[in-house]
Amino acid sequence: MGRDHGHTHAANKKALMISFFITTGYMIIEAIGGFITNSLALLSDAGHMLSDSISLGVGVFAFFMGEKVANYSKTYGYKRFEILAALFNGVTLTLIAIYIFYEAYHRFVDPPEVASTGMLTIAIVGLVVNISVAWILRSGDTKGNLNLRAAFLHVLGDLLGSIGAIIAALLIMFLDWGWADPLASVIVAILVLISGWRVTKDAFHVLMEGTPKNINLDKVIETIENVRGVHRIHDLHVWTITSEQNALSCHAVVDGEITIYESEKILHTVETRLQKIGIQHITVQVESEEHPHDDVLFDKETKE
């Protein structure tokens, strides 16, 4: 399991590094092109790519930070830095979307002249670049790793921005619809805003020590309490350390007469079964019925 995680981590970091260099290079080209052609669609996409470049750089830095070993000051190491990077990316996505809405409003009120041919050329090249970067990022674990998923959503927003800019350029060229440029920006901004909100919400959930979304608490309780010798559990906590690393702690009430050997056998069984449902770091305190403790898990009436 450790070897697989290490391989996935290396693949994710490599995908982010390659994407960072490609995105940064083209972002400069698109920004210059946006100014020359006076296209908001291109400028908004370039601004989004600037945030991509920053977010990809932060993502790479987060992976390097996450590799630092645990110490007395940070007993879990620096793995949470990846979640902070994802939160940063989610917030920047949201802010960029708001800024595009603001600029688009002014463009609708007073549509400027747009050099549609240059806009189309740059947008097509941008589409090719964004497809390439998205494909590279997809080679990593965009489902399991929140940091990589946040970066992927940034690039996906860019890809949609390029498509919007191409469509807008064609409408301006053939139908002289100047409003198509800000309209394309608004559509992309909506999609970017949705992505930003989702990433921010997921990162905030992790930082609040929320239950991992891939973990069913009822199943966790059932799994532990079905182990022979365990009567019930309390003080159950399940949280995410960083992407793909879930942790659990609880108190397990067992027979008062069990031996140390039997207690260790129960713990081993609990750990084995919990690892199969996606929990890697497990701490279980075994205690007897006489152990004074409030027998409270959490508010079962409230699922949120």
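This section describes the fold, the salt bridges, the close contacts and the surface charge of a predicted model.

The chain comprises eight helices and three strands, and these elements follow one another along the sequence in the pattern α-α-α-α-α-α-α-β-β-α-β. Of its 304 residues, 46% count as buried. The mean pLDDT of the chain is 80, with 87% of the residues reaching 70 or more. Confidence is lowest in helix α2, which covers residues 40–66 and has a mean of 71, whereas the highest value, 92, belongs to helix α7, spanning residues 217–225. Where pLDDT is low, the predicted coordinates should not be read in detail.

Two salt bridges are present in the structure. In one of them, the side chains of E209 and R80 meet at an N to O distance of 3.2 Å. Because E209 is placed in the loop between α6 (180–207) and α7, and R80 in the loop between α2 and α3 (81–109), this pair ties together parts of the chain that lie 129 residues apart in sequence. Both partners have an intermediate degree of exposure, E209 being partly exposed at 41% relative accessibility and R80 likewise partly exposed at 23%. The other salt bridge joins D202 to K213, with the closest N and O atoms 2.8 Å apart. Here D202 belongs to helix α6 and K213 to the loop between α6 and α7, so that the parts tied together are eleven residues apart in sequence. The two residues of this pair differ in their surroundings, since D202 is buried, with a relative accessible area of 13%, while K213 counts as exposed at 62%.

The loop between α6 and α7 also holds G210, which is buried, its relative accessible area being 13%. The C-alpha atom of G210 is separated by 5.7 Å from that of W239, although the two residues are 29 positions apart along the chain. A further pairing of sequence-distant positions involves T223, a residue of helix α7, whose C-alpha atom is 7.2 Å from that of L274, 51 residues away along the chain. With a relative accessibility of 14%, T223 falls under the 20% limit and therefore counts as buried.

Positive phi values are found at two residues other than glycine, E209 and D235. For E209, which also takes part in the salt bridge with R80, phi is near 60 degrees; this residue is found in the loop between α6 and α7. For D235 the angle is about 50 degrees, and the residue lies in strand β1, which runs over residues 230–242. At 23% relative accessibility, D235 counts as partly exposed.

On the surface, D255, E257, E262 and E290 gather in a patch of negative charge. Within this group, E257 is found in the loop that connects β2 (245–254) with α8 (260–276). The relative accessibility of E257 is 75%, which is over the 50% limit, so this residue counts as exposed.

Terms used
Residues numbered from 1 in each chain as written. Heavy atoms only, no water. Patch = residues over 30% accessible without salt bridge, like charges linked within 9 Å, V, L, I, M, F, W, Y side chains within 5 Å. Areas by Shrake-Rupley, 256 points an atom, 1.4 Å probe, with all protein chains shown as cover. Salt bridge = Lys/Arg side-chain N within 4 Å of Asp/Glu carboxyl O. Lys, Arg positive; Asp, Glu negative; His and termini not counted. Charge placed at Lys NZ, Arg CZ, Asp CG, Glu CD. Helix = DSSP H or I, 4+ residues; strand = E, 2+ residues; numbered from the N terminus. Buried < 20%, exposed > 50% of the residue type's maximum accessible area, 1.4 Å probe, protein only. pLDDT = per-residue confidence, 0-100.
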